[in-house]
Amino acid sequence: MKYKIYISPEDRASNVYASSALWNGHTTNEKEQMGRCADYMERGLLRCGSFEVINAQYGNMYDRVKESNNWPSDMHVAPHTNGFNGKAAGTRVHCYPSDRSRRIGKLIQDLSLIHISEPTRRRGI
């Protein structure tokens, strides 16, 4: 059985937090960078052979949630960045309030993000 993973990257090109960043010498934004992140996630998941993936870089948040629920996905992943106030940093995983969802969230927090965020910068589940 293949697990169904629905990837719904942030689509705000106007995110000021990311707009001053440079990518290959050009300014970038959250939509562009999270789209790249989603593309890498999709390729990695498909390479494993155990997943069906929808990489939804279209529509709005409400349409994506409806599509994800109707599919139905086993996991809905919504990568995005937070600008906040400069004091908060690191990674945070939000999960559906179920034991299964929390176990998956803990795996993501503990294992997958080890290369992205130092343990002291992980903000919990």
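Arg36 has a relative accessibility of 25%, so Arg36 counts as partly exposed (buried is under 20% relative accessible area, exposed over 50%, partly exposed in between, with a 1.4 Å probe and protein chains only). That's a warm-up for the exercises below.

A word on the ground rules: this is a predicted model, where local features need pLDDT of at least 70, side-chain atom pairs count only at pLDDT 80 or more, and totals for chains, interfaces and linings use all residues. Residues are numbered from 1 along each chain as its sequence is written, and side-chain values use heavy atoms, leaving out hydrogens and water.

**Exercise 1. Find the salt-bridge partner of Arg36 and place the pair in the fold.**

Step 1: The partner is Glu32, with the closest N and O atoms 3.1 Å apart. That passes the salt-bridge rule (a side-chain nitrogen of Lys or Arg within 4 Å of a carboxyl oxygen of Asp or Glu).

Step 2: Arg36 and Glu32 are four residues apart in helix H2, so about one helical turn separates them. Helices (H or I, at least four residues) and strands (E, at least two) are DSSP runs, numbered from the N terminus.

Step 3: Glu32 is partly exposed, at 33% relative accessibility.

**Exercise 2. Work through the other salt bridges, starting from the total.**

Step 1: The count comes to four salt bridges.

Step 2: Arg64 pairs with Asp11 at 3.9 Å, N to O. Arg64 lies in helix H3 and Asp11 in the loop between S1 and helix H1 (16-19), so the pair ties together parts that are 53 residues apart in sequence.

Step 3: Compare burial. Arg64 is buried at 4% relative accessibility, while Asp11 is partly exposed at 34%.

Step 4: Arg12 and Glu10 meet in a salt bridge of 3.3 Å, N to O. Glu10 counts as buried at 19% relative accessibility, and Arg12 is partly exposed at 41%. Glu10, Arg12 and Glu30 are linked in a network of salt bridges.

**Exercise 3. List the residues of the largest nonpolar core, then follow Ile5 and Val77.**

Step 1: The largest core has seven residues: Ile5, Ile7, Ala38, Leu45, Val53, Met75 and Val77. The rule asks for buried Ala, Val, Leu, Ile, Met, Phe, Trp, Tyr and Cys residues joined through side-chain atoms within 4.5 Å.

Step 2: At least two core residues come from each of strand S1 (3-7), helix H2 (30-48) and strand S5 (75-77).

Step 3: Contact means heavy atoms within 4.5 Å. Setting aside neighbours within four places in sequence, Ile5 has contacts including Leu45, Val53, Met75 and Val77.

Step 4: Val77 lies in strand S5 and is buried, at 18% relative accessibility. Beyond residues up to four places away in sequence, Val77 touches Ile5, Tyr6, Ile7, Ser8 and Met41.

**Exercise 4. Work out how many disulfides the model has, and how exposed Cys37 and Cys48 are.**

Step 1: A disulfide is a pair of cysteine sulfur atoms within 2.5 Å, and the count comes to zero.

Step 2: Cys37 is partly exposed, at 29% relative accessibility, whereas Cys48 is exposed, with a relative accessible area of 55%.

**Exercise 5. Describe the whole chain by its elements and its burial.**

Step 1: Count four helices and five strands, which follow the pattern β-α-β-β-α-β-α-β-α along the sequence.

Step 2: Buried residues make up 26% of the 125 residues.

Step 3: Of the contacts between residues at least 6 apart in sequence, 61% join residues at least 24 apart.
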